[in-house]
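Reader: Hello! I have a model open on my screen and would love a close look at one part of it. Could you walk me through a single strand and what surrounds it?

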Amino acid sequence: MKAKFISELYPGDEITDFFLVKSIAVKTGSNGKNYLDMQLADKTGDVYAKKWDASDEETSAAFLPKVGGIIKVRAQVTEWNGQRQMKVQKLRTAKPGDGLDVADFFRSAPRAPEEMYAYIEKTADSIDDEDFRIMTQRVLADNRERLLYYPAAAKNHHAIHAGLLYHMTRMLEMAEKFCEVYGVLNRDLLVTGVIFHDMEKLYEMAADENGVVSDYTFEGILLGHLVQGVVAIDRLAEELQVPYEKKIMLAHMVLSHHYEPEYGSVKKPLFPEAEALHYLDMVDSKLYDMETALEGTTAGGFSDRVWTLDNRRIYKRQW
């Protein structure tokens, strides 16, 4: 059985415990020797781990644990550059007799997937513009099965079971408030953009039903979900005979919502709804990462450095 969770680990701890494998790779150090570079997880968070000077057997395909599998490790908890890490001495794949509860290892959205899907579906049904309403209803129905468990990322924000639904739900809730404050925004267009903006992550990544991503797909590696999204919108709009201007504006929202070329956007937002979509996405992703960092942080203390937040350490207030 599991003894200690990642949120309870501190530098200097010596542990023997079970963890979920989120990623694993064989790399070569500056000394010319191979090592295992891993990201391990449980329901309370993630931690990076290294098995230095790995033997030929430990780096063989027959030995390497599978992504999404559970392993037992003996390790020392260390700190490097403000982040906890594990220095692994020994590891093995979990066995049926280890008495594990799988619920200890898989992080899930705090809201039920069916509840979130129903909210998004209801929002789509409320769209006044017939073209956008039909498009959103169709894309939700076509992807319902995957939406109920897919994460929004492999390692970064909302990389949890039903994380994509959770991300979309909170963005839609914020979008409604945006439209109350900023009269320039067309609610139907903004809501449609939120529903479509990350939908192709369902086909960019290969995830299991626990929400663990094992790899990126062929299309995901070569195109990415922004380009995949534009292609999917074009195909669906042609089938449903959506007017050209609406199709192009929706495609632009998907293509521009990362804002910068280095993050995949070849255009910056060129109308208000596209600009608003970008900031809705940014607010939800950044605050999610802050929430997650603070979960394992003592009041009055600072979290580990968070790579997605420019390596900032987040402070947890005492009141």
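Author: Happy to help; what follows looks closely at strand β2 and its partners, then at the salt bridges and a surface patch elsewhere. Please keep in mind that this is a predicted model.

Let's start with the strand itself. Strand β2 covers residues 34–42, and eight of its nine residues are buried, so the strand is largely enclosed by the rest of the structure.

How is β2 joined to strand β1? The two run antiparallel, with eight bridges between β2 and β1, which spans residues 14–28. If you would like a pair to find on your screen, take Leu-20, whose bridge partner in β2 is Ala-41. β1 and β2 make a hairpin, with five residues lying between the two strands. In that turn sits Gly-32, which has a positive phi of about 85°.

Now for the next strand along. β2 also pairs with β3, residues 45–51, again in the antiparallel sense, and here there are seven bridges. A pair to look for is Met-38, which stands opposite Ala-49 in β3. These two strands form a hairpin as well, with two residues between β2 and β3. β2 therefore has β1 as one antiparallel partner and β3 as another, while being largely enclosed itself.

The charged side chains come next. Which residue of β2 meets Lys-2 in a salt bridge? That residue is Asp-42, and its side chain meets the one of Lys-2 at 3.5 Å, N to O. Asp-42 belongs to β2 whereas Lys-2 is in the segment before β1, so this contact ties together parts of the chain that are 40 residues apart in sequence. Asp-42 and Lys-2 are both buried.

Lys-2 has another partner: its side chain also forms a salt bridge with Asp-17, at 3.8 Å, N to O. Because Asp-17 lies in strand β1 and Lys-2 in the segment before it, the pair ties together parts that are 15 residues apart in sequence. Are these two side chains' residues buried or exposed? Asp-17 is buried, with a relative accessible area of 3%, and Lys-2 counts as buried at 10% relative accessibility. Put together, Lys-2, Asp-17 and Asp-42 are linked in a network of salt bridges.

For context, a search of the whole structure finds 24 salt bridges. One further example is the pair Asp-234 and Lys-247, whose side chains meet at 2.9 Å, N to O. This pair links distant parts of the chain, with Asp-234 in helix α8 and Lys-247 in helix α9 (residues 244–256), 13 residues apart. Asp-234 counts as partly exposed at 36% relative accessibility, whereas Lys-247 is buried, at 7%.

Helix α8 also brings us to the surface. A nonpolar surface patch of about 700 Å² is made by Tyr-216, Phe-218, Ile-221, Leu-222, Leu-223, Val-227 and Val-231. The elements giving two or more residues to this patch are α7 (218–222) and α8 (225–240). Helix α7 provides the largest share, three residues. A good residue to click on is Leu-222, which lies in α7 and is exposed, with a relative accessible area of 59%. Compare that with β2, where eight of the nine residues are buried.

Conventions
Residues numbered from 1 in each chain as written. Predicted model: local features only at pLDDT ≥ 70, side-chain atom pairs only at ≥ 80, totals over all residues. Heavy atoms only, no water. Patch = residues over 30% accessible without salt bridge, like charges linked within 9 Å, V, L, I, M, F, W, Y side chains within 5 Å. Areas by Shrake-Rupley, 256 points an atom, 1.4 Å probe, with all protein chains shown as cover. Salt bridge = Lys/Arg side-chain N within 4 Å of Asp/Glu carboxyl O. Helix = DSSP H or I, 4+ residues; strand = E, 2+ residues; numbered from the N terminus. Buried < 20%, exposed > 50% of the residue type's maximum accessible area, 1.4 Å probe, protein only. Pairing = 2+ DSSP bridges.
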